[in-house]
Structures are given as C-alpha cells and as structure tokens.
Amino acid sequence: MKTKLISPSLLSADFGNLQRDIEMLNQSQADWFHIDVMDGRFVPNISFGFPIMKTVQQYAEKFIDVHLMIIEPEKYVEEFIKYGADLISVHYEACVHLNRTVNLIQEKGAKAGVVLNPATPVLMLEDIIADVDLVLLMSVNPGFGGQKFIENTYKKIAETKDLILSNNSTALIQIDGGVNLDNAAKLFEAGADVLVAGNAVFSSENPSATIELLKL
Ligand code: DX5
Ligand code: ZN
C-alpha cells in the first residue's frame, strides 16, 4: 500500500444522493472510502449499517475502509467482509480479545486495523503492533463528524512511528477527525499515511478539488 492516502468519510455524504457522491469519489483522487459504523452504545450516535454498506459495495471502485465504532465488533466482521470491506478497524476500547479479533479479520481475508481513542495511550499497542495492518489514531472523540482536531495527536503519531519501527511492523498510520486543509500537510509530514476527511470534503464547494488539495 502506498502512503499519503485520502479516505473521505461517507458519514458526511448526502444520503439522498449516495450513488452520486460515491461516483464523485470514484472519479476523484480519493484513495479509499471510509465507512463509519456507529451503534449508539460504543459511541453516543447511530450512523448506518449493512444496507448502506451494500450500496457502497455496489458502486465504489476503490479500497473500502470500515471503521467500526461498535461493541463486540467480532460478531459482525464476517458480514462486513462479505459486503466488500477491504480493511476493518476495531477499537482497542471495544475489544475484550483484541488479538483474537485481529486474527479473525485477517483469516476472513481483510486487512486489520486497531483504533485508539484520544485518551488511550499508544503503548497499549505494544503487544499487537507486529500483527496489525493499520493503526487508526482518533483525533476527535468518536461519534460525530465536523469536530475540532485534538492537537495531542501529533505526539501520538510520533510515538506510533517509534513503536512501528522498533517492532518491524508494516502498519500504516491513519488519522481520523477534524482533518482539514490547514492540518493535512502537517499530519503527513508528522508521519501519517492515511487521512480521513468527512466535513472538510463534503461541506466544501468542490469536494473533488478539496481532495486534491488535501494531498499537497
Ligand atoms: C468520527 C468518525 C470520523 C468522522 C470524520 O466519529 O470516525 O470518520 O466522520 O469526520 P470529520 O472529518 O468531519 O471530522
Ligand atoms: Zn472514522
């Protein structure tokens, strides 16, 4: 997988025109589709589930990056993969048996990511880093799009990079929440490989041009 990737979050798309928005992303320089699934338990919001995933699978022509903000994610891993997930990221805070869940995702044929909430230290990943394909650092408290970026994320990127290097891990670093045209370049420079952007892309006048600008 190459780096400096943009994964627009469909959470901020227009669900009345979902096919149109997915096709716009197909034509754009977006690299991945970021799918935010929320259960109203792990996070204080409910987003969408398999019916939307089915539409994404039908029209998306790029890598499908699924971010599960749900408790007991292991129960649904297989079904998300059936609906086309190429990568599934689960929260450290939501998995009692994280190693088992990461193994399950990979055995079923997808890449596995682990997500840390803003207050969860990077060192919690020490014994899983060699086995994961991606580390997703939340740069807002998960649950809603359009929130303010938490600056402490830069420190966590540096720590994650060190952890990856010292364990010969091939994990990518993904940042999610409050990414915009003011901080994207700085985040890539700090060591991020993949940036999620919802509000910055979909509330802009020209989403496709914004995606290009986020990569500069
Ligand atoms: C937050 C989600 C994010 C969010 C990003 O819970 O995981 O993916 O939609 O949205 P923006 O870019 O608007 O902060
Ligand atoms: Zn997300």
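In the predicted model, Val-115 of strand S5 stands opposite Leu-136 of strand S6. This pair belongs to a parallel arrangement in which S5, residues 111-116, is joined to S6 by four bridges. On the side of S7, residues 172-176, S6 is again paired in the parallel sense, here over five bridges, and Met-138 faces Asp-176 of S7. The connection from S6 to S7 involves helix H5, residues 153-166, and the three elements form a right-handed β-α-β unit.

Strand S6, which spans residues 134-138, is mostly covered, with five of its five residues buried. Burial extends to both faces of the strand: Leu-134, Leu-136 and Met-138 are buried on one side, and Val-135 and Leu-137 are buried on the other. This division follows a general pattern, in which the side chains of a regular strand alternate between the two faces of the sheet.

Strand S4, comprising residues 87-91, is likewise mostly covered, and five of its five residues are buried. One face of S4 carries Leu-87, Ser-89 and His-91, the other Ile-88 and Val-90, and all of these residues are buried. S4 runs parallel to S3, residues 63-69, to which four bridges join it. Within this pairing, Asp-65 has Leu-87 of S4 as its bridge partner. The chain passes from S3 to S4 by way of helix H3, residues 77-82, in a right-handed β-α-β crossover. S4 is also joined to S5 in parallel, through five bridges, with Ile-88 standing opposite Ala-112 of S5. A right-handed β-α-β unit is formed here as well, made of S4, helix H4 (residues 98-107) and S5.

Residues from these strands recur in the nonpolar interior. The largest nonpolar core contains 67 residues, among which Val-66, Ile-88, Val-135 and Leu-195 touch the most other members. In soluble globular proteins, nonpolar side chains tend to be buried together. When neighbours within four places in sequence are left aside, the contacts of Val-66 comprise Ile-35, Val-37, Phe-80, Ala-85, Leu-87, Ile-88 and Ser-89. Ile-88, itself one of the core residues that touch the most other members, is thus a contact of Val-66.

The shell around ligand 1 consists of 22 residues, of which Leu-11, Pro-142, Gly-145, Gly-198 and Asn-199 come nearest. Two or more residues of this shell are contributed by each of strand S2 (32-38), strand S8 (194-197) and helix H7 (199-202). By residue class, the shell comprises 12 polar, eight nonpolar and two charged residues.

Several residues outside the strands were examined individually. Phe-48 is located in the loop between S2 and helix H2 (50-59). Phe-48 is classed as partly exposed because 17 other C-beta atoms lie within 10 Å, a count between the limits of 12 or fewer for exposed and 20 or more for buried residues. The C-alpha atom of Phe-48 is separated by 6.8 Å from that of Met-38, although the two residues are 10 positions apart along the chain.

Two residues other than glycine show positive phi values. In Glu-72, phi is near 50°; in Asn-168, phi is about 50°. Most residues other than glycine have a negative phi. Both residues occur in loops, Glu-72 between S3 and H3 and Asn-168 between H5 and S7. Their surroundings are described by separate counts: Glu-72 is partly exposed, since 15 other C-beta atoms lie within 10 Å, whereas Asn-168 is exposed, with 8 other C-beta atoms within 10 Å.

Leu-163 is part of helix H5, the helix of the unit that also includes S6 and S7. With 18 other C-beta atoms within 10 Å, Leu-163 is partly exposed; a buried residue would require 20 or more. Beyond residues up to four places away in sequence, Leu-163 touches Val-122, Leu-125, Glu-126 and Ile-129. The C-alpha atoms of Leu-163 and Phe-15 are separated by 39 Å, and the two residues lie 148 positions apart along the chain.

Definitions and conventions:
Residues numbered from 1 in each chain as written. Chains lettered and ligands numbered in written order. Predicted model: local features only at pLDDT ≥ 70, side-chain atom pairs only at ≥ 80, totals over all residues. Pairing = 2+ DSSP bridges. Right-handed = clockwise from strand over helix to strand, strands pointing away. Core = buried A, V, L, I, M, F, W, Y, C linked by C-beta atoms within 7 Å. Contact = placed C-beta atoms within 7 Å. Near = placed C-beta within 6 Å. Nonpolar A, V, L, I, M, F, W, Y, C, P; charged D, E, K, R; others polar.
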